[in-house]
Amino acid sequence: TTNHRIALIPGDGIGAEVLPPAQQVLDVLGRRHGFSLSYTSYDWSCERYLREGAMMPADGIDQLRDKDAILLGAVGYPGVPDHVSLWGLLIPIRRSFRQYVNLRPIRVFDGIDSPVRGARPGDVDIVVVRENGEGEYSEIGGRLNQGTSEELAVQEAVFTRAGVTRIADYAFSLAARRRGKLTSATKSNGIIHTMPFWDELIAERAAEHPGVTWDQEHIDALAAKFVLEPARFDVVVASNLFGDILSDLAAAVAGSIGIAPAANLNPERDFPSMFEPVHGSAPDIAGQGIANPLGAIWSAAMMLDHLGRPAAARDITDAIASVLAKTDTRTRDLGGTATTAEFTDKLTELL
Ligand code: NAD
Ligand code: IPM
Ligand code: MN
């Protein structure tokens with residue numbers, strides 16, 4: 001049997017509560033589909049930072065390099081500034097391993113009562129393709145004159161021809177394999193250097209993908225349409241920051257940000273890719289055993305897909321659909337009373 005070597009980084013808060021459910025599901029599938037998974041766990045977290053002064057060891061990235069995939073819970077916790085914890089762990093992994101595609105699918109499942117009137121189950125099936133390596137998340141900039149009345153902060157956004165072109169090509173190709181529709185999130189009416197450049201490059205790549213119908217929407221109007229007409233979207237390509245915001249919004253439309261998965265992909269497969277729920281460490285509910293594990297479980301399905309196990313991945317997404325359609329077992333964020341463990345057991349039963 002093939003063994004897949006997985007790096008597990010539970011991280012902080014509910015990150016550590018949603019990874020065991022994902023492993024529970026993965027282990028069932030390994031037995032059924034004839035593969036095994038071996039896990040190496042890393043305690044890299046805010047706790048480690050407070051203890052040792054760093055989120056991960058100096059050779060942390062090297063320790064992950066030979067793994068087939070990375071499964072991560074969430075990073076960040078009160079007590080350590082977010083820019084310190086995230087730029088000390090999550091962002092360096094995405095960048096060192098050139099995971100420039102952040103794939104964030106969302107669906108309104110049968111049995112989910114969306115807070116959005118028009119979001120009927122079955123109608124909403126969106127993939128946000130988020131640029132994951134550049135754009136607004138740049139290290140260029142700084143702070144000056146701190147503590148004076150002349151104080152200022154500057155943060156540059158960096159968009160490269162290569163970076164926009166490759167995310168556009170990924171998104172157009174994905175759209176061609178789905179319903180053939182792509183929407184580009186822009187703001188070229190307000191952001192006058194980078195966003196017109198983004199628009200030009202998207203249009204340039206569109207010409208190479210004639211099978212896909214595409215349009216562009218300003219991010220403000222697009223946010224409104226995600227709420228008012230979510231069923232009209234198929235693939236949405238967005239810059240790093242816009243994609244970040246749209247993915248939480250889309251998840252909320254689908255019922256809860258606890259559901260949404262993410263795949264940080266290195267499409268060339270030179271380095272491991274990383275799979276993690278879209279949500280964060282949720283300090284407000286951490287330690288209570290009530291977090292929704294679906295985002296992590298769905299992320300594990302995306303990991304199996306990436307590892308060349310599409311049938312096993314489909315078993316997971318089918319079980320997610322079943323548990324929501326056929327039972328009323330739900331965690332609190334979806335209006336139920338089940339604990340993380342109870343919900344995971346119910347889903348595992350349906351596998
Ligand atoms: P969050 O996603 O952690 O929480 C937002 C809200 O959603 C909270 O009310 C939380 O209880 C709820 N929620 C989130 N996931 C849930 C789940 N699985 N089940 C039920 N409810 C859930 O976002 P935040 O509050 O902005 O961030 C908290 C910390 O997490 C910060 O340090 C932030 O930087 C970090 N963060 C990390 C990641 C990551 O590691 N990928 C992602 C987002 C935020
Ligand atoms: C996400 C998170 C991260 C991001 C933060 C925690 C840096 O919000 O994965 O969506 O913005 O990429
Ligand atoms: Mn986010």
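Start by selecting ligand 1 and the 23 residues around it; Gly76, Gly258, His279, Gly280 and Asn292 come nearest. Keep in mind that you are looking at a predicted model. Color that shell by class and you should get 12 nonpolar, seven polar and four charged residues.

Next, hop over to ligand 2. Which residues surround ligand 2? Select Gly76, Leu86, Leu90, Asp244, Val278 and Gly280. By class, this shell splits into three nonpolar, two polar and one charged. Gly76 and Gly280 should look familiar: they are among the residues that come nearest to ligand 1, and they turn up around ligand 2 as well.

Now color the chain by domain. The assignment gives domain 1 as 1–103 + 267–351 and domain 2 as 114–254. Drop a centroid on the C-alpha atoms of each domain, and the two centres sit 24 Å apart.

How many residues of each domain are in contact with the other? On the domain 1 side there are 10, and they touch 14 residues of domain 2. To find the domain 1 side, pick helix H5 (90–96) and strand E4 (101–107), the elements that give two or more residues to it. Strand E4 gives the most, with three residues. Color this side by class and you'll find five nonpolar, two polar and three charged residues.

Time to go inside. The largest nonpolar core has 104 residues, and the ones with the most contacts inside it are Leu71, Val129, Ala171, Val236, Val237, Ile297 and Ala300. Select helix H10 (residues 294–306) next: with nine residues, this helix gives the most to the core. Where does the core lie relative to the two domains? Domain 1 and domain 2 both give residues to it, so it lies between them. As a general backdrop, nonpolar side chains in soluble globular proteins tend to be buried together.

While you're there, click on Ile297, one of the residues with the most contacts inside the core. Skipping neighbours within four places in sequence, Ile297 is in contact with Pro21, Ala22, Val25, Ile316 and Ile320.

Last stop: Asp234, in the loop between helix H8 (219–228) and strand E10 (235–238). Is Asp234 buried or partly exposed? It has 19 other C-beta atoms within 10 Å, and 20 or more would count as buried, so Asp234 is partly exposed. Setting aside neighbours within four places in sequence, show its contacts: Ile126, Ala175, Arg178, Arg179, Lys181 and Leu182. Finally, draw a distance from the C-alpha of Asp234 to that of Gly180: the two are 54 residues apart along the chain, and the gap is 7.6 Å.

Conventions
Residues numbered from 1 in each chain as written. Chains lettered and ligands numbered in written order. Predicted model: local features only at pLDDT ≥ 70, side-chain atom pairs only at ≥ 80, totals over all residues. Helix = DSSP H or I, 4+ residues; strand = E, 2+ residues; numbered from the N terminus. Buried ≥ 20, exposed ≤ 12 C-beta atoms within 10 Å, placed from the backbone. Contact = placed C-beta atoms within 7 Å. Near = placed C-beta within 6 Å. Nonpolar A, V, L, I, M, F, W, Y, C, P; charged D, E, K, R; others polar. Core = buried A, V, L, I, M, F, W, Y, C linked by C-beta atoms within 7 Å. Domains from an automatic or database assignment.
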